[in-house]
Amino acid sequence: MKYRRKTMNINLEGQLLPKDSKTVKWEKFEVPKDVSNVKIRFDYTPHVAEFENHINLLIYDSMDQFMGRYDRGYENFVVGLNASPAAKRLLPLPGTWKLALENHQLFSDIKYHIEIEFQEDDNLIYNWHIGELHTHSIHSDGKLTVKELNDLMRSNNFDFFFLTDHSNNTGWQDFSTLGKEGIILPGEELNTFKGHILILGNHNFIDWKDMTGQAKPLQSIQNEVRISGGLMGIAHPFWIGDPICVGCAWGYAETPFDFDFVEIWNGGNGQKSIEPLNVRALYGWLSALRQGKKIVATSGRDFHDKSGFNWWMKSHFLLRTVELPEILYAIKNGFLYMSHEQLTGEFDPVPGTEVNNKNQIFKFQLSGYTSGYSFVITKKNVINLGEVKSGEVNLKNLEENDFAVFIMIDKSGTPLIVTNPIYFRKFGEHET
């Protein structure tokens, strides 16, 4: 396919007064999904000769991650694959970006102008990739070294996995020894007294307690996770707790469905006996969706050793590139589904997307192991599709802010496939 590019521009304008000194003003803009570079030009007038008006511009992406600082003297500031100095070199994530105008000192009324240029590439293709979000090594209670775990995941066709040792990140120091063979990403599983918290993509150690031994508020932990660049979710929320599994059951005032994601199905390293506890998590998640919560569902093998390795589901993530920011974006937005080892699916619309209420047609095509019963679940309805490999469902009588989840179960009631929701809402007249 021939490599093609196209550009599009938007402009933001505003005014600031001397009284706005020592304040921060925010601007927002939307980044389309097929963008490889975001170019920003920032200027303001007048520039006062004796006492210079001093404004800095800081850029944050749709995951609230810092993308760089537009300093004085720049002609162009570029976030992307062809990044400029002082900017992040990565594929820009779609969604709502934020600009912080830090008004250090204003001596006069000024007008500012921000021109944003998007460079779109037709060759940026989304593909499904297989990943694992919950594993342990010898750096906690796992049986394999980091290298052995990495080799096992590669040999089983995983594209990436997170190392989530219990309240520990010392395994990260082994990542550099893997070289180009490494498909491992940083994470933790915090073992608190009242539940296990999964953190994915953090850049430094996160503790659930302070240096006096007191438990931190969950909001404080979540803020630390955000600053560290990660996501926070709850593992196996309805497991049996003390004394059988110390600290495993969720006991905080906040529900397991109040964070970035929740583990609705835990492999338990091959323990089929925990299936009723997983069913409770699955139906708790569906209930939370029906109550209006927008929470992403994940699964985890909770891998400790090779036993039961192929028993539980693989998770499929819709990505442009297999890189940490892209993976976290997919998790945060629910661009993923979970399926039995021998089952894959194609969905239109894809899980995690938001579409107009007028687009009520849902299509699916399953490949591989398909001996099960398919359902589409919305806020008010459960649509039984029977034993089918493909289909087109007309979703009637949707609520104003509705969703659709596709689930297939086998004859014993065990899920074979679970998608994250497609969200339906009524778009405004000028929205697309």
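Here is a short tour of the structure, from the whole chain down to one pocket.

Before you start, note that this is a predicted model, where local features need pLDDT of at least 70, side-chain atom pairs count only at pLDDT 80 or more, and totals for chains, interfaces and linings use all residues. Residues are numbered from 1 along each chain as its sequence is written, and side-chain values use heavy atoms, leaving out hydrogens and water.

**Stop one: everything.** Select the whole protein and show the C-alpha trace, which spans about 75 × 55 × 45 Å along its principal axes. Now switch to cartoon: you will find four helices and 26 strands, taken as DSSP runs (helices H or I, at least four residues; strands E, at least two) and numbered from the N terminus. Buried residues, those under 20% relative accessible area with a 1.4 Å probe and protein chains only, make up 53% of the 432 residues.

**Stop two: the second largest pocket.** Select Y283, L286, I377, V382 and I407. What do they surround? The second largest pocket has a volume of about 210 Å³, and these five are the closest to its centre among 13 lining residues. A pocket here is an open set of points on a 1 Å grid where a 1.4 Å probe fits, with protein on both sides within 12 Å along at least five of seven lines; lining residues have an atom within 4 Å of a point. The volume is the space filled by probe spheres set on the points, which are joined across faces, edges and corners.

**Stop three: its walls.** Colour α3 (275–290), β21 (373–377) and β24 (402–409), the elements that each give two or more residues to this lining. Which gives the most? That is α3, with six residues.

Key. Buried means under 20% relative accessible area, exposed over 50%, partly exposed in between (1.4 Å probe, protein chains only).
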